[in-house]
Amino acid sequence: MKNIAVKKKTGGRMGRTNLVLTLMVLPAVVLLTIFHYLPLPGIAIAFAEYNIGGFRQWVGFENFEYIFGLNNFWRAFLNNWMYVLLNYLFIFPSSIILAVLFNEVRVRWYKKFVQTISTLPHFLSWAVVGGIWMLLLSPNNGYVNQIITALGGEPIYFFANNTTFPLLYTVIAIWKSVGYNSIIYLAALSGISSELYEAAAIDGAGRWKQTLHITLPGLKPTILVMFVLSFASVLNLFEPLYVLSNAMVRESSMVLDTYIFQSGIMQGHYDISTAMGLFKSTISLVLVLASNFLSKRLTEDGQSIL
């Protein structure tokens with residue numbers, strides 16, 4: 001009887017725990033349902049003639065044939081891949097590098113201070129971030145150009161150069177995201193046993209070799225997970241590029257998201273914009289599945305991430 005009472009009590013406690021966890025996840029499920037699953041039938045607009053006047057007729061794949069014949073569409077598509085390359089060359093590794101550097105800092109108050117300062121930009125919207133950097137880099141009264149002028153140079157129009165704009169965006173994106181994204185890697189680093197570092201130090205390994213043979217291998221599972229998941233949103237660049245771009249850098253700042261907004265939604269061509277969006281979402285899905293398949297080659301147990 002005592003064992004039965006204990007089981008009933010444990011079952012009740014677990015029931016209450018499950019209820020609390022369910023209530024915690026419920027808002028996320030509701031938001032996903034409303035904003036992601038309920039609008040899914042709208043994909044059908046990509047196969048219809050549908051504008052501001054409403055539905056007219058089904059047209060099959062004519063909308064896709066139309067967008068594939070647009071030169072600006074392919075320019076935006078290629079620009080997307082340029083920003084994807086910049087993301088995985090500079091933005092994605094930056095948070096890993098910062099986490100490894102934080103791991104080497106031994107002064108706790110300094111580590112917490114720098115970590116807090118580097119994390120704060122993440123909580124600013126891109127509209128605020130764009131305003132800050134436009135003020136800093138303004139050719140008339142920006143602090144950066146004032147320093148350049150004081151040193152005898154000429155003011156530089158940072159936001160009006162097609163060649164340097166992608167790199168400028170990369171710098172701003174790193175500044176905004178590096179601190180926050182490094183948190184998950186710092187959490188992974190905390191799980192690496194300190195005994196490994198002590199044993200490596202006894203064997204004569206310096207900090208660099210400890211990083212190569214202990215820190216980075218310890219981060220490998222987390223890096224793989226973040227790498228695979230990042231492909232789901234790697235093509236979503238509307239907000240930052242819409243805020244930072246202008247007519248002077250249209251050639252290098254135009255990506256699929258901004259092109260969809262300007263040539264589709266703003267002009268009332270909802271069928272064309274839906275077709276472009278479906279094409280972009282399909283590319284993202286293929287990227288996620290391909291990266292997940294390739295992750296099997298990099299994991300020790302041969303299992304995929306997802």
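This is a short tour of the structure, one selection at a time. The model is predicted.

**Stop 1: the largest nonpolar core**

Select Tyr185, Leu219 and Val234. These residues have the most contacts inside the largest nonpolar core, which has 24 residues. Now colour the helices that build this core. At least two residues come from each of α3 (71-104), α7 (165-190), α8 (194-202), α9 (207-230) and α13 (270-294). Which helix gives the most to this core? That is α3, with eight residues.

Keep Leu219 on screen and show what surrounds it. Setting aside residues up to four places away in sequence, Leu219 touches Ile96, Val100, Tyr185, Ala188 and Leu189.

Next, look for another core that lies apart from the largest one. This other core has 18 residues, including Tyr83, Ile91, Trp133 and Val255.

**Stop 2: helix α7**

Select α7. This helix has 26 residues. From its first C-alpha to its last, α7 reaches 37 Å, close to the 38 Å expected at 1.5 Å a residue. Now look along the helix for a bend. Where is the kink in α7 centred? Go to Val178: the kink there is about 45 degrees.

**Stop 3: Ser94**

Stay with Val178 and add Ser94, which lies in helix α3. Leaving aside neighbours within four places in sequence, Ser94 is in contact with Ile174 and Val178. Is Ser94 buried or exposed? Its relative accessible area is 12%, and buried means under 20%, so Ser94 is buried.

**Stop 4: the largest pocket**

Switch on a surface and find the largest pocket. Its volume is about 910 Å³. The pocket is lined by 26 residues. Select Leu40, Gly277, Leu278, Lys280 and Ser281: of the lining residues, these are the closest to the pocket's centre.

Now colour the helices around the pocket. At least two lining residues come from each of α1 (2-37), α12 (256-265) and α13. Which helix gives the most to the lining? The answer is α13, with 10 residues. You met α13 at the first stop, where it also supplied at least two residues of the largest core.

**Stop 5: Glu49**

Select Glu49 in strand β1 (residues 48-51). The relative accessible area of Glu49 is 24%, which makes this residue partly exposed. Show its contacts. Not counting residues up to four places away in sequence, Glu49 touches Gly54, Phe55, Arg56, Gln57, Val59 and Asp271.

Then draw a distance from Glu49 to Ile156, C-alpha to C-alpha. How many Å apart in space are they? The gap is 46 Å, and the two are 107 residues apart in sequence.

**Stop 6: Tyr242**

Finish at Tyr242, in helix α10 (residues 238-244). Tyr242 is partly exposed, with a relative accessible area of 40%. Which residues does Tyr242 contact, leaving aside neighbours within four places in sequence? They are Thr258 and Phe261.

Draw one last distance, from Tyr242 to Ser291. Their C-alpha atoms are 28 Å apart in space, and the two residues are 49 apart in sequence.

Note on methods
Residues are numbered from 1 along each chain as its sequence is written. This is a predicted model: local features need pLDDT of at least 70, side-chain atom pairs count only at pLDDT 80 or more; totals for chains, interfaces and linings use all residues. Side-chain values use heavy atoms; hydrogens and water are left out. A nonpolar core is a set of buried Ala, Val, Leu, Ile, Met, Phe, Trp, Tyr and Cys residues joined through side-chain atoms within 4.5 Å. Buried means under 20% relative accessible area, exposed over 50%, partly exposed in between (1.4 Å probe, protein chains only). Helices (H or I, at least four residues) and strands (E, at least two) are DSSP runs, numbered from the N terminus. Contact means heavy atoms within 4.5 Å. The expected span of a helix is 1.5 Å times one less than its number of residues. The bend at a residue is the angle between axes fitted to the seven residues ending there and the seven starting there. On a 1 Å grid over the protein atoms alone, a cavity is a set of points where a 1.4 Å probe fits but cannot get out, and a pocket is an open set with protein on both sides within 12 Å along at least five of seven lines; lining residues have an atom within 4 Å of a point. Grid points are joined across faces, edges and corners, and a volume is the space filled by probe spheres set on the points.
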